[in-house]
Amino acid sequence: MATQLTPQEAIERARRLQEDRLTAVQTVAEARQAVTDVREETARELAELQARIADRVSAAERNDVRAWNAALSAGWSADELRKIGFSEPHKKARTRRRSTRKTSASTTPTAAIESHSETSHEG
């Protein structure tokens, strides 16, 4: 014969089942947090690695430009170096351009119209 559960026994059984379910949810939550943590950490590591690689490539490119310019300074022409088998550096040394200031008179609309009308009457 089946024995009837007391209310306290029923509550205790339900509580154990509920604890198992909560433990399963906690396990899922911890696993998801671990995935998020690993993704963030690897993204940070990847960014750092990419920055280090970019620095190394930039340094090598700068050295390439210096070597090319040193060969030019030593008397080799760009054509001669190309004939030997060297192409020009992919990244050439940057040169600073001086900004040219335009006078305010040349940028006014009337000055532009006057200069245009002078060239259009020659003809």
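At 33% relative accessibility, E12 counts as partly exposed in this predicted model. E12 takes part in a salt bridge with R16, in which the closest N and O atoms are 3.7 Å apart. The two residues sit four positions apart in helix 1, so about one helical turn separates them. R16 is likewise partly exposed, with a relative accessible area of 47%. The pair does not stand alone: E12, R15 and R16 are linked in a network of salt bridges.

The overall fold is helical. The chain has three helices and zero strands. Along the sequence the pattern reads α-α-α. Of the 123 residues, 4% count as buried. The accessible surface of the chain comes to about 11700 Å². Carbon and sulfur atoms account for 54% of that surface.

Four salt bridges were counted in total. Side chains of opposite charge can pair when their charged atoms come close. Helix 2 spans residues 78-84 and holds both D79 and R82. Their side chains meet in a salt bridge, at 2.4 Å from N to O. D79 and R82 are three residues apart in this helix, and therefore separated by about one helical turn. D79 is partly exposed, at 46% relative accessibility. R82 is also partly exposed, with a relative accessible area of 36%.

R82 has a further partner. It forms a salt bridge with E88, with the closest N and O atoms 2.7 Å apart. E88 counts as partly exposed, at 28% relative accessibility.

Helix 1 covers residues 7-73 and includes L49. L49 belongs to a nonpolar surface patch together with L46, I53 and V57. The patch measures about 320 Å². Patch residues must have over 30% relative accessible area. L49 meets that cut-off because its relative accessible area is 37%, which makes it partly exposed.

A second patch is negative. It is formed by D37, E40, E41, E45 and E48. E45 lies in helix 1. With a relative accessible area of 43%, E45 is partly exposed, so it too passes the 30% cut-off.

V65 presents another case in helix 1. Its relative accessible area is 8%. Buried means under 20%, so V65 counts as buried. The C-alpha atom of V65 is separated from that of K91 by 7.2 Å. Along the chain, these two residues are 26 residues apart.

Conventions. Residues are numbered from 1 along each chain as its sequence is written. This is a predicted model: local features need pLDDT of at least 70, side-chain atom pairs count only at pLDDT 80 or more; totals for chains, interfaces and linings use all residues. Side-chain values use heavy atoms; hydrogens and water are left out. Patches are made of residues with over 30% relative accessible area and no salt bridge: like charges are joined within 9 Å, nonpolar side chains (Val, Leu, Ile, Met, Phe, Trp, Tyr) within 5 Å. Accessible areas come from the Shrake-Rupley method with a 1.4 Å probe; for residues, only the protein chains shown count as cover. Buried means under 20% relative accessible area, exposed over 50%, partly exposed in between (1.4 Å probe, protein chains only). Lys and Arg count as positive and Asp and Glu as negative; His and the chain ends are not counted. The place of a charge is taken as NZ of Lys, CZ of Arg, CG of Asp or CD of Glu.
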